[in-house]
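Colleague: Please take a close look at the aromatic part of this model and describe how the rings are placed. Include what lies around them where that helps.

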Amino acid sequence: MKLKLGVLYVCFFILITLLSACHSGKIDEQQVLNHYYDVITTAQQLFQNHVNDGNMYYNENIRTVEDVHELLDGKVTEEGMEQLIDRFFIEDEGKLVYRDKYQTYIEEESLYTATPDNPSRYYESVRYTILNPGLQIVTINDVSISRNGDYIMVEGNNLPIYFYEETTLSTEQYKRFGYPPSDRLSISFAFVKQGDKYLLEEYKVEG
């Protein structure tokens, strides 16, 4: 009788352990997507408030590596910080200035003079970056959220992105920035869970 009870206790303990493991490994998809939205929305601030010092354009509010860290602290990992800085900036005498791709865009295409008939090349410049406005349109039904080793992946392949109906008159706010009516994007965002947060480690946006 004691042996049977002992076996039952062992089986019960194993069952509880397995259930606890399964529960702790469960992904809260909506929470992950909330962090995804949070980081891509915050990252928009990296490419704003353009100022020219006579030679190069830079972001008036994001002048140093420390400024990027302050902006994105608690949202991306150290590796994520390095990736974002490297994609948008180069360091010139301690100050972050935009990379040549963005220097040319700002120089040739003013954000403030574009019209629906003469749109800027904004979308062309940011299409494959975290600044792509289409990333904010992605919903939980568009992507798969899964665990891959230490990473929580938010992925979608050939996603249809619809910014506006081309014939709608209310599209001028988009057209002035050069948005197309629609696009198709493939995305991959890798997050690392730290405490109750999901920090962006790396990302990829492709057409």
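Modeller: Phe-47 has a relative accessibility of 7%, which is under the 20% cut-off, so Phe-47 counts as buried. The model is a predicted one, and the values here are computed from it. The structure holds 15 aromatic pairs. A pair of aromatic rings is described by the distance of the centres and the angle of the planes. For Phe-47 and Tyr-105 the ring centres are 6.2 Å apart and the planes stand at 35°, so this pair is tilted. The pair links distant parts of the chain, with the two positions 58 residues apart in numbering. Phe-47 sits in the loop between helix H2 (29–43) and strand S1 (50–52), whereas Tyr-105 belongs to helix H5 (residues 100–108). Tyr-105 is also buried, because its relative accessibility is 1%.

A further tilted pair is formed by Phe-88 and Tyr-102, at 5.6 Å centre to centre and 40° between the planes. This pair, too, links distant parts of the chain: Phe-88 is in helix H4 and Tyr-102 in helix H5, 14 residues apart. Phe-88 has 1% relative accessibility and therefore counts as buried. Tyr-102 is buried as well, with a relative accessible area of 3%.

Both pairs fall within a cluster linked by ring pairs, made up of Phe-47, Phe-88, Phe-89, Tyr-98, Tyr-102, Tyr-105, Tyr-122, Tyr-123, Phe-163 and Tyr-179.

One member of that cluster, Tyr-98, is in contact with Tyr-57. Tyr-57 lies in strand S2 (residues 57–59) and counts as buried because its relative accessibility is 16%. Leaving aside neighbours within four places in sequence, the contacts of Tyr-57 also include His-50, Val-51 and Asn-52, together with Val-97, Gln-103, Ile-106 and Glu-107. Tyr-57 and Ile-106 are 49 residues apart in sequence, yet their C-alpha atoms are 7.9 Å apart in space.

Helix H4, which carries Phe-88, also packs with helix H3. H3 (residues 65–72) and H4 (residues 78–88) meet at an angle of about 125°, with their axes 11 Å apart. The two helices are therefore oblique to each other, and H3 passes H4 in a right-handed crossing. On the H3 side the contact uses Val-65, Val-68, His-69 and Leu-72; on the H4 side it uses Glu-78, Met-81, Leu-84 and Ile-85. Six of these contact residues are nonpolar, one is polar and one is charged.

Note on methods: Residues are numbered from 1 along each chain as its sequence is written. This is a predicted model: local features need pLDDT of at least 70, side-chain atom pairs count only at pLDDT 80 or more; totals for chains, interfaces and linings use all residues. Side-chain values use heavy atoms; hydrogens and water are left out. Axes are lines fitted to C-alpha atoms, for helices over the stretch in contact, and angles run from 0 to 180 degrees between N-to-C directions. Helices (H or I, at least four residues) and strands (E, at least two) are DSSP runs, numbered from the N terminus. Angles under 35 degrees count as roughly parallel, over 145 as roughly antiparallel, 65 to 115 as roughly perpendicular and the rest as oblique. A crossing is left-handed if the near helix is turned anticlockwise from the far one by less than a right angle, and right-handed if clockwise. Contact means heavy atoms within 4.5 Å. Ala, Val, Leu, Ile, Met, Phe, Trp, Tyr, Cys and Pro count as nonpolar, Asp, Glu, Lys and Arg as charged, and the others, Gly among them, as polar. Rings of Phe, Tyr and Trp (its six-membered ring) pair if their centres lie within 6.5 Å; planes under 30 degrees apart count as stacked, over 60 as edge-to-face and the rest as tilted. Buried means under 20% relative accessible area, exposed over 50%, partly exposed in between (1.4 Å probe, protein chains only).
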